[in-house]
Amino acid sequence: QVQLVESGGGLVQAGGSLRLSCAASGSLFSISTMGWYRQAPGKQRELVASITSGGSTNYADSVKGRFTISRDNAKNTVYLQMNSLKPEDTAVYYCNLDNNYRNYWGKGTLVTVSS
């Protein structure tokens, strides 16, 4: 079983920065692709960034150049550094672990970017 716990969300002004963390329990972390998704009210959940077990990353076009995903396998933790935040980044951000058989999700952390 896997449990994911996000932290680091909050209120920030446009142009500011936040760093989200996701701590994973269990033994699957180091061999799994990790991702950050977000969902704004009335919108579909979308992939923000992902990182494979080997460290390869992918980003949504809307965040490319502003956000950075990273992982620390020794700590079973994945991070999302968010810079130059925009009001349209406001959403609940969810941590995801993909082990190919199923996806595990955290409960989410709210990021609000004010104008």
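In this predicted model, a disulfide ties Cys22 to Cys95, with the two sulfur atoms 2.0 Å apart. The bond bridges distant parts of the chain, since Cys22 lies in strand 3 and Cys95 in strand 9, with the two positions 73 residues apart in sequence numbering. Both cysteines are buried. The torsion about the S-S bond of Cys22 and Cys95 comes to about -85 degrees, and the disulfide is therefore left-handed. A count over the structure gives 1 disulfide.

We can turn next to the nonpolar interior. In soluble globular proteins, nonpolar side chains tend to be buried together. Here, the largest nonpolar core comprises 29 residues. Leu4, Trp36, Val78, Leu80, Met82 and Tyr93 are the members with the most contacts inside this core. Two or more residues each come from strand 3 (18-24), strand 4 (33-39), strand 5 (46-51), strand 7 (67-72), strand 8 (77-82), strand 9 (91-98) and strand 11 (109-114).

Tyr93 offers a helpful viewpoint on these surroundings. Leaving aside residues up to four places away in sequence, Tyr93 touches Glu6, Leu20, Trp36, Tyr37, Arg38, Val48, Phe67, Leu80, Met82, Gly108, Thr109 and Val111. Among these partners, Trp36, Leu80 and Met82 also appear in the group with the most contacts inside the core. Arg38, another residue touched by Tyr93, leads on to the charged pairs.

A search of the whole structure returns 4 salt bridges. One of them joins the side chains of Arg38 and Glu46, with an N to O distance of 2.8 Å. The two partners can be told apart by their accessibility: Arg38 counts as buried because its relative accessibility is 7%, which falls under the 20% limit. Glu46, at 34% relative accessibility, counts as partly exposed because this value lies between the 20% and 50% limits.

A further salt bridge pairs Arg66 with Asp89, again through their side chains, at 2.8 Å from N to O. This pair links distant parts of the chain: Arg66 sits in the loop between strand 6 (57-59) and strand 7, whereas Asp89 sits in the loop between strand 8 and strand 9, 23 residues apart. Both Arg66 and Asp89 are buried. Through salt bridges that share partners, Arg38, Glu46, Arg66 and Asp89 form one network.

The side chains of Lys64 and Asp61 also meet in a salt bridge, at 3.2 Å from N to O. Here, Lys64 and Asp61 are both exposed, whereas Arg66 and Asp89 are both buried.

Terms used: Residues are numbered from 1 along each chain as its sequence is written. This is a predicted model: local features need pLDDT of at least 70, side-chain atom pairs count only at pLDDT 80 or more; totals for chains, interfaces and linings use all residues. Side-chain values use heavy atoms; hydrogens and water are left out. A nonpolar core is a set of buried Ala, Val, Leu, Ile, Met, Phe, Trp, Tyr and Cys residues joined through side-chain atoms within 4.5 Å. Buried means under 20% relative accessible area, exposed over 50%, partly exposed in between (1.4 Å probe, protein chains only). Helices (H or I, at least four residues) and strands (E, at least two) are DSSP runs, numbered from the N terminus. Contact means heavy atoms within 4.5 Å. A disulfide is a pair of cysteine sulfur atoms within 2.5 Å.
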